[in-house]
Amino acid sequence: MKILRKLFSYFRPYLGYIILYVVLGLIVVAFGMILPKVQQVLFDNLFADIPYDVLGLSLSGVSLLTGMGIAMLGQSLVRQTLHYFRIVMNERTAQLAVNSMRADLFDNMINQSQRFLKSQNTGNLMTIINGDPETVKNFFIGTVPQMFEVVVGFVFAAIMLCTSIHPLIFVSTVVAMPLVAYLSRRAGKRIRPYIQNIRDYSADLSRRAQENINGIRVVKAFNNEELEKREFDVHNKRVLNAHFDYLKEFVRVYLPMDLCASLPYILVNIVGAILIFNKEMTIGGLVAAGGYLGYIIQLFSYMPSWISVSQQAITSASKIMDLLARGSELADKEGLPERKLRGDIKLKDVTMSFDGNTVLSDINIDLPLGKKLGIMGKTGAGKTALVNVLMRYYDPTGGTVSIDGTDERDIRLADVRRTFSPVMQDVFLFSETVEKNIAFYDVSASHEQVEWAARTAQAAEFISKLPEGYETIIGERGMGLSGGQKQRISIARAILKNAPVIILDDASSALDMETEQALSKSMASELKGHTVITIAHRVSSVKNCDEIIYLENGRIVERGTHEQMMALKGRYYEVFTEQYGELISAVGEVQ
């Protein structure tokens, strides 16, 4: 329960509303005490034609019946009015607290390193942000006030039983309570692992569904719909079985509690009959005792749900706190000033390892502002890892990455990221208009600026042919657009950011040669003075760069201009001859 107390900070700003909710609940409980008393008067006075004195008036017959009817109607009206008012106020308060909790969770998650995010189950993260706050909310806003109200109802009912009915009736109702308390404590410990399994398997199911939605084209391309259905059914069945296991354990631990909860009904009727026989209690008193007994039994009947909800809340709270307590590996040092960086980059002896595997070794690059750098290498050579370290998605395990002569770790992360405009290999577009996707970095950008970026990225022509032009809404991950169209919108987004350093990570792989050449010319014309880092498999994408490096197993094995690399007759030369071999042969035959 300590972990739940830590999360109560999200509900503390609304403590006044919570207290008002509880107070109104107590009023509802107090008015509930009227009905059993009315029933007692009906049986002991009205049916026996005995006058009943109330507020100095002696009521009997029709007047007594009318008075009791008004009392019952009044208490019902007050209870229901307060009940619905409480529901609205409670839900409003709860959603404000949940909104705050989700905002902090998302803020913490989005500031985590790529290393952490890649290691996480996406479905689990979605459950932590979306589902777990609801579970915690249900405990604080629903269960805790309910516990208090039920306990107060129990006390009120106990007082009424002891003072207005007979003390032995009260004793009869609570005789099984110690046993129920013991069984409740045991039940909480036994049922929590089953709740944890349901949550974990549900997160796996969410992840599986999300992967299939995002990868639907791959699934269809490989005609694997049936296989994915079977895989989904496996995860779905696991969740189902987890629920069934929970239900089996629920029955095993709560059935004895329910049996104990039925003892008060039996004992009250037996003891009540004896007391009536001995003329120590009236029939009306026994009827009223049945009404008050409901408040006593509530404590027994609600215990299973309280245990279940509290265990779910503890499980969810632990997940929430684990994420909130996790500091980012890339957190800024305290006291770093805000800086506008020029963009001179230097990598010195940079090494990078993941899980014991070295992906970059002894990388040395000097990249002053305005220089064009090309990076080539086979798949897995470390090209994307290099730019990820450069943009500080990861910190190097050795060496330094500096901007304007300062180690990136001594610069605010926001200032580092502001220095780069990346076009990543895995293009992601939001379910928004084309214009909002291009203006993602600067939502205040004018339409003319968006059009300029689109023209520079060779995207203006196809955008103008879309149904609503720049106002056309494109789907998640750019569904509805071709690969080349998505890449050009992504390039336009990076251009509009207008950062000193532009990174093109295989950004033109889906473009034809003519479009790629036009893109290269327009960027050279419009982005003079910017550093451009181009990662590519095509020689045509990098041959005009000031320097080209060739990576192999995380190391730079060749570097130089296009002419210098060709003269080496090494890996770069091999790639060039593979891509231009037929053209070279054709030219040779003509000559």
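Ring pairs link F11, F139 and F140 into a cluster in this predicted model. The structure also holds 18 salt bridges, and an open sheet of six strands with mixed pairing, on which helix α12 packs. The points below take up the aromatic pairs, then the sheet and its helix, and finally the charged and polar side chains.

**Aromatic pairs**

- The count of aromatic pairs comes to five, and one of them is formed by F139 and F140, whose rings stand edge-to-face with 5.4 Å from centre to centre and 70° between the planes.
- F139 is buried, with a relative accessible area of 4%, and F140 is likewise buried, its relative accessible area being 10%.
- The rings of F430 and F440 form a stacked pair, because their planes lie at 20° to each other, under the 30 degrees that stacking requires, while their centres are 4.8 Å apart.
- This stacked pair links distant parts of the chain, since F430 lies in the loop between β8 and α14 (434–438) and F440 in the loop between α14 and α15 (447–456), ten residues apart.
- F430 counts as partly exposed at 33% relative accessibility, and F440 counts as partly exposed at 49%.

**The six-stranded sheet and helix α12**

- The strands of the open sheet follow the order β8-β9-β10-β5-β11-β12, and their pairing is mixed.
- At the edges of this sheet stand β8 (420–423) and β12 (555–560), each of which pairs on one side only.
- Neighbouring strands of the sheet are turned against each other by 15° on average, direction ignored.
- Strand β9 (residues 501–505) and strand β10 (residues 531–535) run parallel and are joined by five bridges, and within this pairing I503 has I533 of β10 as its bridge partner.
- Helix α12 packs on the sheet and touches β5 (372–377), β8, β9, β10 and β11 (547–552), with its direction making about 150° with that of β10.
- Helix α12 spans residues 383–390 and is mostly covered, seven of its eight residues being buried; these buried residues are K383, A385, L386, V387, N388, V389 and L390.
- Just after α12, R392 takes a positive phi of about 60°.

**Salt bridges**

- The R392 that follows α12 also takes part in a salt bridge, in which its side chain meets that of D395 at 2.7 Å from N to O.
- Both partners of this bridge are buried by the cut-off of under 20% relative accessible area, because R392 stands at 3% and D395 at 18%.
- The side chains of R412 and D415 meet in another salt bridge, with 3.1 Å from N to O; here R412 is partly exposed, with a relative accessible area of 21%, whereas D415 counts as buried at 2% relative accessibility.
- Salt bridges that share partners join R102, E134 and K137 into one network.
- Within that network, R102 forms a salt bridge with E134, the closest N and O atoms being 3.5 Å apart.
- R102 lies in helix α4 (residues 61–110) and E134 in helix α6 (residues 122–165), so this salt bridge ties together parts of the chain that are 32 residues apart in sequence.
- R102 is partly exposed, with a relative accessible area of 23%, and E134 is also partly exposed, its relative accessible area being 23%.

**The surroundings of D407**

- D407 is placed in strand β7 (residues 406–407), and this residue counts as buried at 18% relative accessibility.
- The side chain of D407 reaches the backbone nitrogen of R409 at a distance of 2.9 Å.
- When residues up to four places away in sequence are not counted, D407 touches T400, V401 and S402.

Technical notes
Residues are numbered from 1 along each chain as its sequence is written. This is a predicted model: local features need pLDDT of at least 70, side-chain atom pairs count only at pLDDT 80 or more; totals for chains, interfaces and linings use all residues. Side-chain values use heavy atoms; hydrogens and water are left out. A salt bridge is a side-chain nitrogen of Lys or Arg within 4 Å of a carboxyl oxygen of Asp or Glu. Helices (H or I, at least four residues) and strands (E, at least two) are DSSP runs, numbered from the N terminus. Buried means under 20% relative accessible area, exposed over 50%, partly exposed in between (1.4 Å probe, protein chains only). A polar contact is a pair of N or O atoms within 3.5 Å; within protein, one must be able to donate a hydrogen and the other to accept it, and residues adjacent in sequence count only if both atoms are side-chain atoms. Contact means heavy atoms within 4.5 Å. Two strands pair if DSSP finds at least two bridges between them. Axes are lines fitted to C-alpha atoms, for helices over the stretch in contact, and angles run from 0 to 180 degrees between N-to-C directions. Rings of Phe, Tyr and Trp (its six-membered ring) pair if their centres lie within 6.5 Å; planes under 30 degrees apart count as stacked, over 60 as edge-to-face and the rest as tilted.
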